[in-house]
Amino acid sequence: MAVLKSVETVLLRHPDAGRDHLIPILQEVQAADGYLSKAAITRVGQELHLPASKIFGVATFYNMFRFQPKGKYHVMLCRGTACHVKGSKRALDMVTKVLKLQPGETSRDGLFSLEVVACMGACGLAPVVNINGQFYAKVTPMKLQKILDECRAQESSHAEQ
Ligand code: FES
């Protein structure tokens, strides 16, 4: 299984890992797989002698970890101070409503996933949204709706070909 292969690779880099290595190990697993699967969490738990439920509890405390694979369109919405001041909350409310997703979730069809981040280092463009690496500046709920519609339209045009 490819996911577990990457976990084994990470664990090999931490030969004498103790519980204090948990967060760095989880970060590396997520960097390799894009998320933390149940199988990966269980395997890390075996290695560190920690129950999976305990690891899951710790990992959910940090909002950097996700437990579902990313969608085809990964929407990163900035909730840092500059973006907040410029109205990112309204954009977030709109996205969660339209996509029926909470931060950290992926849509059932695998098309969209949503992540909320603290600052993307582009405060001058606030509020900022990044989809698959592309930045969208001064995003309003209406503008964001249009961007999401374009993603959907792109998908249906691919499906028709
Ligand atoms: S606060 Fe949003 S990019 Fe910095």
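Here a colleague and a modeller talk through a predicted model of a protein chain.

Colleague: Happy to be looking at this one with you! How many helices and strands does the protein chain have?
Modeller: Reading along the sequence helps here, and the pattern is α-α-α-α-β-α-α-β-β-β-α. Counted by type, the secondary structure comes to seven helices and four strands.

Colleague: Nice. In what order do the strands lie in the sheet?
Modeller: The sheet is open and its pairing is mixed. Its edges are strand E2 (112-117) and strand E4 (134-136), each of which pairs on one side only. From one strand to the next the twist averages 25°. The order across the sheet is E2-E1-E3-E4.

Colleague: Do E1 and E2 run parallel or antiparallel, and how many bridges join them?
Modeller: One pair to look at is His74, whose bridge partner in E2 is Ser113. As for the direction and the count, E1 and E2 run parallel and are joined by six bridges.

Colleague: Which residue in E3 is the bridge partner of Met76?
Modeller: E1 pairs with E3 in the antiparallel sense, over three bridges. Within E3, the partner of Met76 is Asn130.

Colleague: And what is the bridge partner of Asn130 in E4?
Modeller: Strand E3 (residues 129-131) pairs with E4 over three bridges, in the antiparallel sense. Asn130 is also the partner of Met76 on the E1 side. In E4, the partner of Asn130 is Phe135.

Colleague: Why is strand E1 described as largely enclosed by the rest of the structure?
Modeller: A residue is called buried when its relative accessible area is under 20%. Strand E1 covers residues 73-78, and it is largely enclosed because the buried residues among its six number five.

Colleague: Let's step back to the whole chain. What share of its residues is buried?
Modeller: The accessible surface comes to about 9,300 Å², with 57% of it belonging to carbon and sulfur atoms. The C-alpha atoms fill a box of roughly 50 × 40 × 25 Å along the principal axes. Of the 161 residues in the protein chain, the buried share is 42%.

Colleague: Among contacts between residues at least 6 apart in sequence, what share joins residues at least 24 apart?
Modeller: The parallel pairing of E1 with E2 gives a picture of such links, with His74 and Ser113 as bridge partners. Taking the protein chain as a whole, the share is 62%.

Colleague: Last one, on charges: how far apart are the mean positions of the positive and negative charges?
Modeller: The protein chain has 20 positive and 14 negative charges. Taking the mean position of each set, the distance between them is 8 Å.

Note on methods. Residues are numbered from 1 along each chain as its sequence is written. This is a predicted model: local features need pLDDT of at least 70, side-chain atom pairs count only at pLDDT 80 or more; totals for chains, interfaces and linings use all residues. Side-chain values use heavy atoms; hydrogens and water are left out. Helices (H or I, at least four residues) and strands (E, at least two) are DSSP runs, numbered from the N terminus. Buried means under 20% relative accessible area, exposed over 50%, partly exposed in between (1.4 Å probe, protein chains only). Contact means heavy atoms within 4.5 Å. Accessible areas come from the Shrake-Rupley method with a 1.4 Å probe; for residues, only the protein chains shown count as cover. Lys and Arg count as positive and Asp and Glu as negative; His and the chain ends are not counted. The place of a charge is taken as NZ of Lys, CZ of Arg, CG of Asp or CD of Glu. Two strands pair if DSSP finds at least two bridges between them. Axes are lines fitted to C-alpha atoms, for helices over the stretch in contact, and angles run from 0 to 180 degrees between N-to-C directions.
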